[in-house]
Amino acid sequence: VGFMADERRREEGGGGAGAGAGAGGDRRLMEDGAGGEGGSWEAEYMAKGKMYGAAAAADAENGGGSGVAHAPANRPYISPDEAADLKRRIRQHDQMYAAMQQQSKPFDALEHLEKGLFVRKELFGPDHPEVSKVCQIFTTSCNTLAMNSLQRDNHLLAYELLKKAEILTSPSGYIRDKKMRMKLRAVTFNNFGCFYKRRGKLHAALQYLAKALKIELTSEEVDNPAGTHLNLCATLSQLGRHGPALEHAQCALELLEAMAASRKQKVREDENGGGKNATDDASILAIAWHNLAVEQEHLNMVDEALASYEQAVKVAEKEWGEGHIKTLAIKHSLEEARSKTKNRRSHSQRPAVSQSHGQSPLQSVLNPHSSSSQLKFAKKSTLRSTSPTKARYCC
């Protein structure tokens, strides 16, 4: 069974005033799957002038915006008094944004960030660098809070936030730096893949993960293409497509090992090289080896699977520690695989590989909200990779 891990997700408190904004029209698209990039939902949303949700609409109603998602570049003349008032409101929203962040109220902070973006667009126009910069921050926050909401099973809010990020990273959005726009778009698509997989819509998940990978293969500035390969591995595995799943696990390992070699070279050249990203990549490496082993076991590659499990344990002990619950879960998978191999050889036969959809110990740890969330040392599944919560990430 495919499973996508959630290493980097941090829990943030508060529901915020914007939790229910614009959710009423989302149910149909959520049930229909990935669809196109926007589709009828986007057209309906933009036509009503609510692309930024209830907060932006309310701000426009008070004179802060046009009420239309994409205002024309040649906006009407703004008098000095109107400009001064808009600047004052921007300062207010920026101050409230900082205050809400300090008070650990992320959704309230996002509401003020959204309003500030809308007022900046009214004052400066959609092509101004400041609008682009704030839009990047807002899109990043939407992805982060969407995945936090998904962890709490608030699917409607997660969907709305991801949909905003998808629209804002489209060519008609406000992010003028194409490299940054494509980077954030890949993050959003990856998170959409995690969203649909969490809801059991595996084909929709594959569509979005394939879009994310396509961007990452053609863009230099991406966060973690290895994570996308692991998410694809997990989803394909759950669909029973273990051959392609194995290939994606192998691609992830090759990328991670290449990144590690590059980082070692950088460390030799610069004492300040490495850092947090090195640790994150190493944690993903343990998951990659585990997922590779699971797929090899599904494909009756017994000896190769044992070697991969052993490597997964080695990396996990180094990065998480010998007593960490995830390390212990991987160790159990290794012992279980050894036991199965011994039994096969003692009976001089190779029984059919189980295609069970039960949870592994590590899956239970990483996905505590699933229906079989208790730590049962039973059947294995591939693990899900981390997905972006910062600018990225998702799942």
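This is a walk through a predicted model, stop by stop, with something to select at each one.

Before you click anything, note that residues are numbered from 1 along each chain as its sequence is written, and that side-chain values use heavy atoms, with hydrogens and water left out. Because the model is predicted, local features need pLDDT of at least 70 and side-chain atom pairs count only at pLDDT 80 or more, while totals for chains, interfaces and linings use all residues.

**Stop 1: the largest core**

Select Leu110, Phe138, Leu161, Phe192, Phe195 and Tyr196. These have the most contacts inside the largest nonpolar core, a set of 37 residues. A nonpolar core here means buried Ala, Val, Leu, Ile, Met, Phe, Trp, Tyr and Cys residues joined through side-chain atoms within 4.5 Å. Buried means under 20% relative accessible area, exposed means over 50%, and partly exposed is in between (1.4 Å probe, protein chains only).

Now colour the helices that feed this core. Helix 4 (80–102), helix 5 (106–124), helix 6 (129–151), helix 7 (155–168), helix 8 (178–198) and helix 9 (202–218) each give two or more residues to it. Helices are DSSP runs (H or I, at least four residues; strands are E, at least two), numbered from the N terminus. Which helix gives the largest share of the core? That would be helix 6, with nine residues.

Then pick Cys233, Ala245, Tyr309 and Trp320. They are among the 33 residues of another core, which lies apart from the one you just looked at.

**Stop 2: helix 6 and its cysteines**

Stay on helix 6 and select Cys142, which lies in this helix. Add Leu161: its C-alpha is separated from that of Cys142 by 5.1 Å, though the two are 19 residues apart along the chain.

Next, show Cys135 as well. Why is there no bond between Cys135 and Cys142? The sulfur of Cys142 is the closest cysteine sulfur to that of Cys135, but at 8.8 Å it is too far for a bond. Looking from the other end, Cys142 has Cys135 as its closest cysteine sulfur, again at 8.8 Å. Cys135 counts as buried at 0% relative accessibility, and Cys142 is buried at 0% too. Searching the whole structure turns up zero disulfides, a disulfide being a pair of cysteine sulfur atoms within 2.5 Å.

**Stop 3: helix 8 and its neighbours**

Keep helix 6 on screen and bring in helix 8. Their axes are 11 Å apart and the helices pack at an angle of about 15 degrees, which makes helix 6 roughly parallel to helix 8. Axes are lines fitted to C-alpha atoms, for helices over the stretch in contact, and angles run from 0 to 180 degrees between N-to-C directions. Angles under 35 degrees count as roughly parallel, over 145 as roughly antiparallel, 65 to 115 as roughly perpendicular and the rest as oblique. Helix 6 passes helix 8 in a left-handed crossing; left-handed means that the near helix is turned anticlockwise from the far one by less than a right angle, and right-handed that it is turned clockwise.

Swap helix 6 for helix 9. The axes of helix 8 and helix 9 come within 7 Å and cross at roughly 160 degrees, so helix 8 is roughly antiparallel to helix 9. This crossing is left-handed as well.

Zoom in on Gly193, placed in helix 8 and buried, with a relative accessible area of 0%. Its C-alpha is 5.3 Å from that of Leu209, 16 residues away along the chain. Leu209 is one of the buried residues of helix 9, which also include Leu206, Leu213 and Glu216.

**Stop 4: helix 10**

Select residues 225–238. These 14 residues form helix 10, which reaches 20 Å from its first C-alpha to its last, close to the 20 Å expected (1.5 Å times one less than the number of residues). Mostly covered or not? Helix 10 has 13 of its 14 residues buried. After helix 10 comes Gly240, with a positive phi near 80 degrees.

**Stop 5: two loops**

Most residues other than glycine have a negative phi. Go to Asp153, in the loop between helix 6 and helix 7: its phi is positive, near 65 degrees. Asp153 is partly exposed, with a relative accessible area of 40%.

Finish at Asn300, in the loop between helix 12 (276–298) and helix 13 (302–319). Asn300 has a positive phi of about 65 degrees although it is not a glycine, and it counts as partly exposed at 34% relative accessibility.
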